[in-house]
Amino acid sequence: MKQILLLLLLASSTVVAAVPSKPSITGPAYHIYRGTYDYSWTKPSGTTYFEVQTTWAGSTSTSRFTSTSFTKTHTDLGYYTARVRACNSSGCSGWSGYEVNRVVKHWKPNQTVTSGPSTSSSGSFTLTWSKPWGHGINKYIVERSDNGGSWQVVYSSSGQSLSQNLGNGTYRYRVEVCNIDNVCSGTGPERQVVVNIPPPVPSRPSVPYVNWDLYHPYGSSIPVSVPSISGATSYYIYNGSSESSRAVSKQVSSSGWTSVPSVGIGYNYLRIEACNASGCSGEGPSQRVKIFERPSAASVSVSSHLPSKNAAVTITWNVPSGTIWEQAYFNVKCHTATNSRVCDQHIPHRGSENKSQYSHTFTADHVGVYDIEVRTCNKSDSYCSTATAQVTVLPQTHGKPQYNLNWDIHHPIGSDIPLVISQGIDGADAFDIYYYPAGNQPKFLKRVLKSDGSTTISASTLGNHTLQLASCVTSRSGQVRCGNLSDSARIVVYDKPQPVQASIDSNNVLSLTPPAGMLWENGYFKVQCTTPSGQQSCNEQIAYRGDMALPLVKSLSFNGYGQHTVTVQACNENERYCSSPTHKYVDVLPAVHGHPKYNVNWDFYYPAQSLMRVNLAKGVSGATGFKVHLNKVNAPDSAKTEVYVKATEPHVDILIPEIAQYHLKMATCVEGVNGQPVCSQWSPSQLIVAYDKPQPVSWYFSHPEFWNGTVPIPAGEQVTLNWAQPSGTIFETAYYKFTCTPAGGIGGCDGTVRQVGDKTTYTKEITLLKPGTYSVSIQSCNESERYCSDPQLKTLNVLEGKTHFTAPAHVSIGTPFALSWDIPAGMSCARNGSVYTNKGSEQVTLYSTKSDLSFECTQNSTITHQVLSTQIRKLAAPVLKQQ
């Protein structure tokens, strides 16, 4: 019981394999031919074997495979199908799709090409052919046509060659290729074989017959008679430059006359060979023939190339190379330009005479060119060479070309210079013209015919040129021979000259210098004057010739004020060739204005930003107005102030803009064109000074005893004020103002000192009689107190204490005098007294003692009987001070 249960448990645990999936089958293409093909399929997972089902001609069969492919050979036509399924122990999959094939006939094979000889001299030969493209080829059919007859099958099998043994004739072959389906290619290309079994070789011919014509021109054919040789079916005619050369080989099929091309220049050797199918006889003996061309040109000389008229001229020539031994000749001709034959000779040449040179003489009886022609000919005029020479009887040398120019030697640039052709020179039919820049070598320009009558020369370059002519004659062949060059003629080609260099001096004399490009002759100066209103006041022509003294001068006169224009041009022959105008300008101006110092009433100093009145002159004749010009010294002219004032105005006021120095100028004006003023040159300038307050005055006190103002001074003592001119003080009309104001404001001193020209340092003596403290100041003033500098104050202390001093009013030299003074109570001497004289040292010498005169304050207060040697200028009493 336990065993049964165990078996049941084992059975219930067995795994059943799944049925495989459907495979897919592949094989050859749908259309196939007879043959063996492979079929294969996929192997799904779990497959242990396959079942393959095939169908052919309606019959179906199934086969079992463990592999994934099989091979099938198809031998019949029809449809074939196959399908497969995968199987294992659990069963089989569904069938795959069908692999379907149709077995069809083979395609038609390609044609083949037959190979073999084209000829046969024995009748035995073999033809072969190759296997072309195609399937199932199993047979070759060979057809033959004999001598153009119908086609007959001579071979039908699988081989690829055919051997034949035939008699004389022409045989054509063609091959057709077939396969196992009996599908054939059609006949291929034909192959022809000619069977020709040769006869015996003919005998050798004799010397070719040429009818005794042994000279032939180059490039021609040589007539030859071919003999008849037994058994010959054709003939070969050979020609060459030697007996072994076959440069020419010509075949003919029968005897009789024929022609053979010549070979090169010189001797040709003709031979004949007879032939048939068996071979040729070999060459017979040769016939030598001379081949010629035109001989070389003879070397011709003449006894004179330039003979005089009516002279005898001998022509000599050699026998040139290439002249044949017989049948050669010379033709001698002499032609002039009119085509007349002066000589015409035919001279035969015979080699047997052994002549190497010939000659002929003729008379040159007129002016012209003789074209001499010596022709060397072989056999006919078609094979001639020509040698030439020329003999020229020259015309006389041409005369002076000035006559041909009608003596007109000046011509403008770009014009055509007319030239008359001479008609009276014997034999001359043309003329060479030489035209070139003067100083250069003669240069040919052109040739003209006498029949032209006239010609022109292009005046294309400026300057002096030279013209020369040569008389010429023309040959029949067109060659020209000319005589010597004539004398030269000068031709001047001109254009407009350069602008004139001109000047006009202060006396209105116009000076002219001829510019470059002006003709030596036939030139002139054109002078025109135009007034300021545009009216023409002069229009003159001044003739010029190259040998005139320079510069040319012309006095001009001008009427009316303003700027007159003088226009000058240099002209060559006519106004069309005048230079560009040179303009000169002459100003006809009123008289120069007088010095403007009078117009400002000698007042040259003005405060800045004030108006300067300028009075206008009334006595200037013809003046209609004035120009007033004011500008800073050294300033550019653009900063100027310039006004025009009519003469009817009495004055004009000009603003002085800022502190500076100015120049004032004036000009007299008259009314010009269109009412515009025309003014004189500027007058002399007047310096005008614009000012403001000067800088403060720098000053100090001084005293004869070198007192420096640091201690009080006694009342009544003189003190000197010293100062220098400060910056900003004007040159004239300035003054210095000084004041001495006591502490109480009453008394003191006031005064002025005038500024004098260029003086820069000043002094002023003051005496203060009352004691006290004074405030002293000095100011620099420009014309009025409005323009005074700021005051510079200094303090001066004055004390009571001057002596009561008594002195005579007059003292004579050499006369005794007495001085006296007192010393009040509480006072003592501060300084001695002094006598000042005119000697300048402000000390005197006593007459008796010759010592300086001074007196002690401490002495008795009287000095008597003093004698002086010079005049007294001033007495200074002793100075006291408080004790």
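Start by selecting residues 99-103, which make up strand β9 and include V100. The model on screen is a predicted one.

Stay on V100. Is V100 buried or exposed? Neither label fits: because its relative accessible area is 31%, V100 counts as partly exposed, the class between under 20% and over 50%.

Now add Y30, Y79 and Y98 to the selection. Together with V100, these residues form a nonpolar patch on the surface. Their accessible area comes to about 400 Å² together.

Next, show the whole chain as a cartoon. Its secondary structure consists of 72 strands and one helix. Of its 883 residues, 41% count as buried. Switch to a surface view: the chain exposes about 46500 Å², and carbon and sulfur atoms supply 47% of that area. Among contacts with a separation of 6 or more, 65% are between residues 24 or more positions apart.

Then go to the interior. Which residues touch the most other members of the largest nonpolar core? Select M612, I656 and I688; they do so in a core of 26 residues. To see where this core draws its residues from, colour β49 (605-607), β50 (610-615), β51 (625-632), β53 (651-656), β54 (660-671) and β56 (686-691), each of which gives two or more residues to it.

Zoom in on I688 and display its surroundings. Leaving aside residues up to four places away in sequence, I688 touches D603, F604, Y606, M612, I656, A660, Q661, Y662 and L664.

For the last stop, select C334, Y358, A364 and V393. These residues are among the 24 of another core, which lies apart from the one around I688.

Note on methods. Residues are numbered from 1 along each chain as its sequence is written. This is a predicted model: local features need pLDDT of at least 70, side-chain atom pairs count only at pLDDT 80 or more; totals for chains, interfaces and linings use all residues. Side-chain values use heavy atoms; hydrogens and water are left out. A nonpolar core is a set of buried Ala, Val, Leu, Ile, Met, Phe, Trp, Tyr and Cys residues joined through side-chain atoms within 4.5 Å. Buried means under 20% relative accessible area, exposed over 50%, partly exposed in between (1.4 Å probe, protein chains only). Helices (H or I, at least four residues) and strands (E, at least two) are DSSP runs, numbered from the N terminus. Contact means heavy atoms within 4.5 Å. Patches are made of residues with over 30% relative accessible area and no salt bridge: like charges are joined within 9 Å, nonpolar side chains (Val, Leu, Ile, Met, Phe, Trp, Tyr) within 5 Å. Accessible areas come from the Shrake-Rupley method with a 1.4 Å probe; for residues, only the protein chains shown count as cover. A salt bridge is a side-chain nitrogen of Lys or Arg within 4 Å of a carboxyl oxygen of Asp or Glu.
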